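Work through these exercises with the sequence and the model side by side. Try each task before reading its solution.

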Amino acid sequence: MNAPLLDVRDLTTTFPVGSNLLGRPKAKVHAVDQVSFSVARGEMVGLVGESGSGKTTVGRSILRLTQPTSGAVSFDGTDILSLKPSAFQAYRRRMQLIFQDPFASLDPRKNIEGIIAEPLSIHRLLPRAQWRDRIAELLGMVGLTPEAMKRYPHEFSGGQRQRIGIARALAVKPDFIVADEPVSALDVSIQAQVLNLLQDLQADLGLTMLFISHDLAVVEHACDRIVVMYMGRIMETANTADLYANPRHPYTRALLSAVPSLDLDRRREKIILKGDIPSPINPPSGCVFRTRCPHATEICARERPVLAEASPGHAVACLRAGEI
Amino acid sequence: MIRIEAPPVLEVRDLQTWFDTERGLVRSVDGVSFSARPGETVAIVGESGSGKSVTSLSVMRLIAAPAGKIMGGSILFRGRDGGLRDLVTADAATMRTLRGNEISMIFQEPMTSLNPVYPVGDQIAEAIALHRNLGRKQAWAEAVRMLELVGIPASATRAKDYPHQMSGGMRQRVMIAMALACRPLLLIADEPTTALDVTIQAQILELMRQAQREMGMAILFITHNLGVVAEMADRVVVMYGGRVVESGPIDQVFRTPLHPYTRGLMASVPGSPFRFRDARGRLRLQAIPGNVPDPRHLPPGCAFASRCADATDACTAAMPVLEAVAADHQVRCLRWKELLP
Ligand SMILES: Nc1ncnc2c1ncn2[C@@H]1O[C@H](COP(=O)(O)OP(=O)(O)OP(=O)(O)O)[C@@H](O)[C@H]1O
Ligand SMILES: Nc1ncnc2c1ncn2[C@@H]1O[C@H](COP(=O)(O)OP(=O)(O)OP(=O)(O)O)[C@@H](O)[C@H]1O
Ligand code: SF4
Ligand code: SF4
Ligand SMILES: [Mg+2]
Ligand SMILES: [Mg+2]
């Protein structure tokens, strides 16, 4: 296979929290901890995990909307974390973000034409005279009519607003898109429309996509490969069919078994995890999953598992992956 | 276990709950009927705005007047004394003795029903003292026992915590402890796990199943998540635009959905067995075109007609009736017979 479009190495992002009398932070949240993965051209990679596992922070760190603490992100062969802001601007055009909340992510005071024109004006890709045609074309691509241009966000339903957000992201012809929970706020019939649209656009425009979601059924449906996160770390990664058929990490197994299934014949015994997700300020020593893992032994408190390939393309971070 | 021989605890007949708003009359619930027996879980499923919450708030008689009003129908509830009451006409004092006692409710966001300034144990103890005639000390001990029952570790200590000191999953457990404290005959749960992570959701669903096995109450489970319905429900009521479009035993409705909306909904869920492969060999969802209708401007005939691939002129002429297709399975579609798979 050719070189990946995006390669993330040992990405680590911490946030300071609280402060002492001198205003110095007392502690830090380990939001993303030594995360490595790559995304091939034209691939749709799903980043899944429960709330607080660090998915959004990974996406924002890649786009430099959040300053990573350490690690490297290479995009099309260039180390983009070390670029000066002016040099990064060209890359920023090629990497766009789609947000979860179609209600909060569109400026209510601008009409749709103004909203989609904004990235065109920032990146000066087209002469102004051509904006209208381009905006009409973009609206068509996401299944809306050019009449939408003169209307305001509140006049649209949630699904339509999400289409507008997608059109805005596509305006500057990106090759890479981070979609952060793009369908989580939508009703299921509308969610299906937007998922189908994203699949079509990805195929037609040859987009590469990092698809962030907490919903395992959604990523299974949409993505070629899956990265499973827990407390800022990658637990397991594999191509989609392989991960769902042969989950190897105890966390992935529990997560998959917890997903309610529509299939009445699969109302099966579940792996019910005990307890809650621990505090990210004081993550457990060794394996972060050990406080809830049904297979944990004393070694799991001492050693930190590394993500290691168990079979081609299928990597697991578990000290006991071979035994269980 | 469902007690088949037992008469229903709850029987809702032709319920109509409307809101008079500045922007027009909203027929949020318009002719809804269903019933629930002891030990049975009945799920109400539908997309946002279909009238699920208004149905459950009507049963609790928590519809905010004067804008909202139950305009018609009956809500028959069989109490602990065996007597049958119509909650639509019951007086406020009767409702106060029933709520939190014989009928209790849990919501999506526990913070809306927990008081932030009191420790959680006090709140449960107060509910117990109110309905069960126990002294303060006994009520507190019972509250601690309930917290233990719902799986809160070190419950005697955690009972002194304030709601904000707990995680979302823990708070939902506290809500359930409070709802179960008086051993209700009917538990109404409105999206109880929607705000939770999937591993925590699995814990809470298991907890509800276990409590039902032990206490035998009926559960009215409201959700938009069809997977949760498949896991929890004995019977399902599918709502669209304030009306029931299909209802019946889960094994019938989910294996052979008869209403085009039920079918569409099931085929639009990622991971659904009703998905199909397109010409490129990709798995595709069957998206339902268009949007959920505005309840202020429902069309005269079938409310689903504008999105239904099988609609004909007859569908928009008059409202289809809810027709019995089997003993306990009903569908509101003019063409269900022709469309049989
Ligand atoms: N700006 C910030 N300051 C402090 N902590 C933060 C900040 N942003 C995120 N965090 C913390 O970092 C961790 C990871 O958060 P993140 O939003 O990346 O998770 P997520 O996987 O996207 O979760 P969700 O599914 O809820 O969106 C969490 O513990 C969160 O509280
Ligand atoms: N207090 C109110 N005043 C006016 N209209 C209301 C009120 N409460 C509900 N409605 C309307 O009644 C309809 C049904 O609302 P309901 O809350 O029952 O929907 P739901 O099925 O529970 O949806 P969701 O999945 O979003 O919770 C909606 O159109 C809603 O806007
Ligand atoms: S390393 Fe230990 S605690 Fe972690 S997942 Fe493997 S068995 Fe469980
Ligand atoms: S009545 Fe007509 S429009 Fe309505 S669901 Fe049936 S076929 Fe479709
Ligand atoms: Mg997030
Ligand atoms: Mg609701």
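**Exercise 1.** Which residues of helix H3 (residues 112–123) of chain A are buried?

*Solution.* Start with the ground rules. This is a predicted model, in which local features need pLDDT of at least 70, side-chain atom pairs count only at pLDDT 80 or more, and totals for chains, interfaces and linings use all residues. Residues are numbered from 1 along each chain as its sequence is written, chains are lettered from A and ligands numbered from 1 in the order in which they are written, and side-chain values use heavy atoms, with hydrogens and water left out.

Next, the terms. Buried means under 20% relative accessible area, exposed over 50%, partly exposed in between (1.4 Å probe, protein chains only). Helices (H or I, at least four residues) and strands (E, at least two) are DSSP runs, numbered from the N terminus.

Now read off the helix. The buried residues of H3(A) are A:Ile112, A:Glu113, A:Ile115, A:Ile116, A:Ala117, A:Pro119, A:Leu120 and A:His123. Then look for their cover, taking contact as heavy atoms within 4.5 Å. It includes helices H2 (85–94), H4 (131–141) and H5 (158–170) and strand S6 (95–98), in chain A. Finally, step past the helix end: A:Arg124 has a positive phi of about 40 degrees.

**Exercise 2.** Find which residues surround ligand 2, and its polar contacts.

*Solution.* First list the shell, counting residues with a heavy atom within 4 Å. It consists of B:Phe19, B:Thr21, B:Ser28, B:Glu47, B:Ser48, B:Gly49, B:Ser50, B:Gly51, B:Lys52, B:Ser53, B:Val54 and B:Pro295. H1(B) gives the most, with three residues.

Second, check the polar contacts to the ligand (N or O atoms within 3.5 Å). Polar side-chain atoms of B:Ser28 and B:Lys52 lie 2.6 Å and 2.8 Å from an oxygen atom of ligand 2. For B:Ser50, a polar backbone atom is 3.2 Å from a ligand oxygen. Third, take the area (Shrake-Rupley, 1.4 Å probe). Ligand 2 alone exposes 630 Å², and the protein buries 65% of that.

**Exercise 3.** Is B:Thr223 buried or exposed?

*Solution.* Locate B:Thr223 in strand S8 (residues 218–223) of chain B. Its relative accessible area is 3%, so B:Thr223 is buried. Now trace its side chain: this reaches the backbone nitrogen of B:Asn225 at 2.8 Å. Leaving out residues up to four places away in sequence, B:Thr223 touches seven listed partners, including B:Ile44, B:Glu191 and B:Lys52. B:Lys52 also belongs to the shell around ligand 2.

How values were computed:
A polar contact is a pair of N or O atoms within 3.5 Å; within protein, one must be able to donate a hydrogen and the other to accept it, and residues adjacent in sequence count only if both atoms are side-chain atoms.
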